[in-house]
Structures are given as structure tokens and as C-alpha cells.
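Visitor: I would like a close look at a single part of this structure, taken slowly and with its surroundings included.

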Amino acid sequence: MLRNLFGKSSEPKPAAPEATAAKLGFFDRMKQAVTRTRENLSERIEAVVSIGKEIDRSTLDELEATLIGADLGTTTTHEILEKLRLRADRRQIKDADELKQLLRAEVLGILQSANQKPPAETEGPEVILMVGVNGTGKTTTVGKLAHLLQGQGKSVVLCAADTFRAAAIDQLLVWGERSGVEVVKTKPGGDPAAVLFDALESAKTKHTDYVLVDTAGRLHNKVGLMAELDKIRRTAGRLVPGAPHEVLLVMDATTGQNGLQQARQFTESAGVTGIVLTKLDGTAKGGVIVAIAREMGLPVRFVGVGEKIGDLLPFDAQAFAESLFS
Amino acid sequence: MFENLQEKLQRAFKNLRGQGTLTEENIGEALREIRLALLESDVNLGVVKHLIEQIQAKALGQEVLTSLSPGEQVVKIVRDELVNILGKDTAKFKFASQPPTVVLMAGLQGSGKTTTSGKLAHWLKAGGHRPMLVSVDVYRPAAREQLKVVAQQVGARIYEGALDSSVQANSATVERLAKEARREAANYGCDVLIVDTAGRLHIDDDLMDEMQSLKKLLNPQEILFVADAMTGQDAVRSADEFHKKLTLTGVVLTKLDGDARGGAALSIRQVTGQPIKFIGVGEKFDALEPFHPDRIVSRLLGMGDIASLLERADEKIDKKKAAEFASKALAGDGFSLEDFREQLRQVRKMGSFSSILGMLPSVGPFAGLQKAKDSFDEKQLVHVEAIIGSMTNKERRHHELINGSRRKRIAKGSGTSVQEVNNLLKQYVQMRKMFKDFGKPSFARRMAGMKLPGR
């Protein structure tokens, strides 16, 4: 129904033609942007202003501040406001409330256009790789996800492939204990691919449903460390056909525009299939995921909202879009 | 990707030459570009607004200089203004007149407090101090274990203390550990106590209260706010709250070895007024450096960071090997493929090629390289290494031996194509010749005979 709102067909379409259409549109807009360099954001919004008299300059400044303040970035913010202007050309926008309503719908549209993978049909265990930069909450997310899956009656094994950070293995062991899940580990400094091998072998013999792999945090511009992820991936694929079935990029909601770069690099090296947005219980809105969805079509799978074991929730695009404007 | 600000400004000002002064009209577009550049760098919107006003006030009415282009002129104003905000001098670390000096580490979850605590201990040790570490993070699983491992790695003393596993850990436990640690530091003659605390959200009242009572209890000389360089717009909110509750004495900006532009530095500095005392630039314990405002300014504006690049080169490149290579390359025989591979490895130690290119400014002699950055494929370097690796020692020293069938073998061995092998060999021969020409006396003569511009 929401899709109909945007004039799109609600049938699932193959992703490719849609993507090219979006790209064309983007380049067209780029061209427009170049020819109109003198127009800045506020001026462009002013085009919207002229449509409804009740909407004044400060309302628009406020909306711009809202989007940029939520870390959507200037490009995405511009694009959203530009779309709004196009839509406003066709229909009247009566007041600021309606304007906000449309903005929200626009954000929601971007989030929902991010391709949702159908649940994978797997033989043997489903392997989920947790990747990301340092300190985003990979280990905690693995712990919480194990609990979530167990609650759905699935069997889970954890793989401590972060052999680099001090006490990362111990930290995962505590999470394993909390949900009563086996943790496959090696000694600190060991080969991550080797632990993964053990975990997958164990899962295969025990017919475990899920293997959750905790990897070491790494900055996406470190070539050697990113190559290690590729090796981990290949190891998984060799042992279990189609693995890793999910590669989740764990991202801190406080992350700014660098999040885009993270998404690009991790996707290139590790084939990211989705995002886990952590620490959403703070004041940061995590708006960079809108920019990521827009550019790369990466969906958000889960959000982290606290330090307790139950504080991992499936992503709700509607609620997220609401929260940006609250 | 992100276009260089100076280029954009250059364009914005192309019609400005010949005009007498910078006016509100002719500077408008430049200010918009500056605004976008700062926002893309994650500088807080409020801070950006304030900055733009200041820059405009400074720039208006200035005479258009003949020595600088208007673009350069505005960039200079922007730079000066940013350096001004960040503070010109490197901030000093405060020691207590009566040891032990107490350092309280504060920050959000995952900002890097524990790692920074270890690095700080390492830095203090290098400065002849006797630091002691203590972790009062009784909440995150294995947090105290992590600091223990870190302490072992840097060779610093740690106060472990005992936790009663039958009692739920709480603020009282935290205070007890802190108190015991201070006594222990005095007993062992440690002159600095670094207190690693649990990560907490600035809106978590209970944990912020705990932080306040820790402060009251320990009366620390330094309360350092550890912040992730990748933080976006929210940086001001968390820094502001921490500062209000604790009166911070300084900031540590971590993970600056990534490619974030680090606008948070500006935001945090602006809201707290406290200096950035250190930056974290790597996972090793010596990767903690004093903060240089002018360098991060270049980074913020997307204008390259030559100083950091040179430093990185200085640190990572084996000078003896580099000198050997240079003398070989310039001498009669030229360098071998073996030397070439070694050189490649040295350069790669500095980081990814695109990150190296990214540190160069996109004006002057480096123009064009920035564009190469986005199209550059890191994998090519891996292929080159693989190709050279698949040669025999003899082939590496005498490339002329490599005939058709050897090429086929090398391509197969390295998982590349004969074409790639051909390309590499062709480039190698060209490069070798170029270097040899450099080394010829005739080349030096020719250079000497040339008139240098401006001399």
C-alpha cells in the first residue's frame, strides 16, 4: 500500500531495471545541480515555500536541519527535498504538517526500496558473518542475535573469529553462557579462518541451524585486514554451499557520513547483505543508513536499543522514519 | 566522490579576478561550497552556521590580492578560522603536584576507552612515568579482562581488585575499586593512575551520576572524553552532556587512521571549549599522537594531508632499502623485478593506494591523481605481486629471459592472464629506462641548463 503511494507498482520487480532508472534520475539531477550551482538548498526549498503560503522559511530551515542533523548527509537531504519540490509542483501542499508528512514518506520510500532478500533456502547451517569497524558492537550483537534466534526455536553456535582484540573471546563466552549457546574458539592471536572451519564442521555434524561469526573490528581502509575478511568468506563458502548467507555490517548509530564509505568498502570486500544499526537508544538518529539505502540499496535488518540480551529488534522502517522527525 | 574544496572555490571565483574587493555577492557561492564541505565532513550544523558567519565577516571587504587567487584567499581565511577554533598550540597533559595524578577516561560505548587507556599508559611509560591502570567497567562482559590483557601488552601495572560474583555489580563496586586502586598506586609508587570506565550514554542518568561520584571521589587532574572520529552530528550532544556533568579537561579523538574527515573534532571543541589532547591513529599501543590542529583542518576541507603522509612514509618505509633501490635504479644495470616487488611492498605498508593518493592535495603537481584514486583498483597491486611471485629467481633478475612459454607459465601460476604479465613487463622496462635516464650525467646537465620558472 505504501508503495502505491509512491506511484510504484506493488509487484516485486527485478532489481536491475529499477536500479538503472534510479541511476539515470540521479545523473539527471547531478546535471541540474551543475547548471544551477547558484541555487543552494534553502533557495531550492523556497520553491516549495511559494506553493503554500503557510509554510515559511523557518519551517524549511527546520526541516533541512532535521535531515542533516540526523546524519542523512547533504546529498541525500538535497535529493529528498528536490523530490518533494517535484511532487509539490503537481499537488498543493497546504501546510507544514503535510510537508513533514511527505518528507517522512520520502524517507520511508528510500528505506523500503532497499532490496529485501528472500529468506535463503539453505542446506546445512545458515552462516551469518558479523563485520564492521572497531567499537560498533559486533560481539554484543552476536550475543543478542543468538538469543533472538533461540527464542524462535533455532539452534545456534557462536564462532569467536575475533582473535585479535584483547579479551574479545572472553566477551563472547559470557554471551554464550547467558543464552546457553556453544562458543567455538581458539587461543588469542589464532587464525580466524581456522576457528570458522571448526565452527562450521561442528555445526554440520550437529545439524545446527545457525552459525554466528564474530569477526575483529577493522577500519575499512586497511587493505590487509579487509583481505582477511575475504579469506574468511571463502572459507565459509568452501565448507557450506552458499555461505555466508548473510553478511551483516554492524554500524554505530552515531556514525556520520563515513558510514557510506564503510558500507562501500565492506560490501566490496565482504559482500555485505544488510546492516545492524546499534546504540539507537542514544540521541543519535543513525540517518546515514538512509544515504546508504539510497546509494547502495542495503537494507537494515536489526537495530540495537540497549545493553540487555533482549535489546535487539527487527528493523521497522516506518518507526525509523517517524523517529527522524520526532 | 567528494570534490576538492579548493577546486570548487576556484570555479566559484573564476569571474572574480579584476574586482577590487570580496563582496557579499561574489563570495556567496564560495560560502555555500564551504558550508557543504564542512557538513560532509560531519561538522555540526550549528557549528557550521556560526563558522560561515565568522568567515563571511572576515572575508567581506577584503581586497582581492594579486598574489593569491580569490579562491586561495578565501581558503586561507577558512583555514585560519578553523585553526583558531581548534587552538593553535598542542595541549599539555596535566600532572598533579602531589602524585598520583589521576586520569578519568569517559565516553560512549565503543569509542575506544580501553585501548586508549593502554596507549596512554604506554605514552606515559615512554615519558619516564610509572602508570597504573584500573578498570571500573563492571558492566560490559570481559571489559576488565580486556584491560588486563592490554596492561600486560604494554607492560604497565594493573590493579585488578576482587569482584564478589554473588553480588550484582553496581556503582558501589565501582567506587570501591577506584578507591582501592588509588591506595594501591600510592603503595607501589605509581605516579599516574588511569581509570578506565564503562561506556555510557550521555542520557543515562544513573551511569552519569556514577561518573560524577567517581569524579568527586578521585578528584582527577584529567578527565578525558574519548570520542570516535567517525561520529556524526550527534557529537555535540554527547560531548555537551559529558562536559556539563563532568567538566572535561580534554578530548581524545580515536580511529583517525580511518578515512573519516573528523568533523566531530570541530564540533566537540566548539561545545566543550576543551582542547583535543591526543589522537588515536592505529591499533598498536604506540599509535597515540599529540594533536596538530592545522593537519586536521586540511583533512576537514578535503585538501590533503601531506604532513601526515610524510610522517607515515618516514615511519613505514625502510630507509636503507629505499636508498639501495634508488642507487640501483639510477645506476647502469637498473633495478630488477625483485627490487621492484620490494619497493611495492614498502609503499603498500603505508596503507591502501587510494588512501595515500587521498592524502595528496588535488592542486599543483598532484592534479589528476585524485581522480585516479577512485578508478584505481587495489587488486592490480596484488596481481603484480602475484605475477612477480610466480617467476623464478633468475627471471626476476633477468627479465629478458621471459619468453612466450615462460609468460604462459607465470600467468598460470599467478592466476592472471598472459596479457597482464605482458603489461607488467612492458611497464617495468619503461620504468627502468626512465630511472636510468635520471641517473645519467647528461640528464643532470640538461636539467641544469633548463631555466626554472621564477628564478
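Visitor: Which residue takes a positive phi just after α6(B)? Please go on from there to the helix itself and to what surrounds it.

Guide: This is a predicted model, and in it the residue just after α6(B) that takes a positive phi, of about 70°, is B:Gly155. The helix that precedes B:Gly155 runs through residues 143-154 of chain B and has 12 residues, reaching 17 Å from its first C-alpha to its last, which is close to the 16 Å expected at 1.5 Å a residue. Its buried residues are B:Ala143, B:Arg144, B:Gln146, B:Leu147, B:Val150, B:Ala151 and B:Val154. Because these cover an arc of only 155° around the axis, they lie on the same side of α6(B), whereas B:Gln152 and B:Gln153, on the other side, are exposed. What covers the buried residues includes the helices α5 (113-126) and α7 (171-188) of chain B, together with the strands β2 (131-135), β3 (157-159) and β4 (192-196) of that chain.

Turning to the nonpolar cores, the largest has 69 residues, and those with the most contacts inside it are B:Leu82 and B:Leu253. Domain 1 (3-86) and domain 2 (101-301) of chain B both give residues to this core, so it lies between them. Leaving aside neighbours within four places in sequence, B:Leu82 is in contact with B:Leu38, B:Leu51, B:Leu266, B:Val297, B:Leu300 and B:Leu301. A second, separate core has 68 residues, including A:Phe266, A:Ala284 and A:Leu324 as well as B:Ala260.

Technical notes
Residues numbered from 1 in each chain as written. Chains lettered and ligands numbered in written order. Predicted model: local features only at pLDDT ≥ 70, side-chain atom pairs only at ≥ 80, totals over all residues. Heavy atoms only, no water. Helix = DSSP H or I, 4+ residues; strand = E, 2+ residues; numbered from the N terminus. Expected span 1.5 Å × (residues − 1). Buried < 20%, exposed > 50% of the residue type's maximum accessible area, 1.4 Å probe, protein only. Arc of directions from axis to C-beta. Contact = heavy atoms within 4.5 Å. Core = buried A, V, L, I, M, F, W, Y, C linked by side-chain atoms within 4.5 Å. Domains from an automatic or database assignment.
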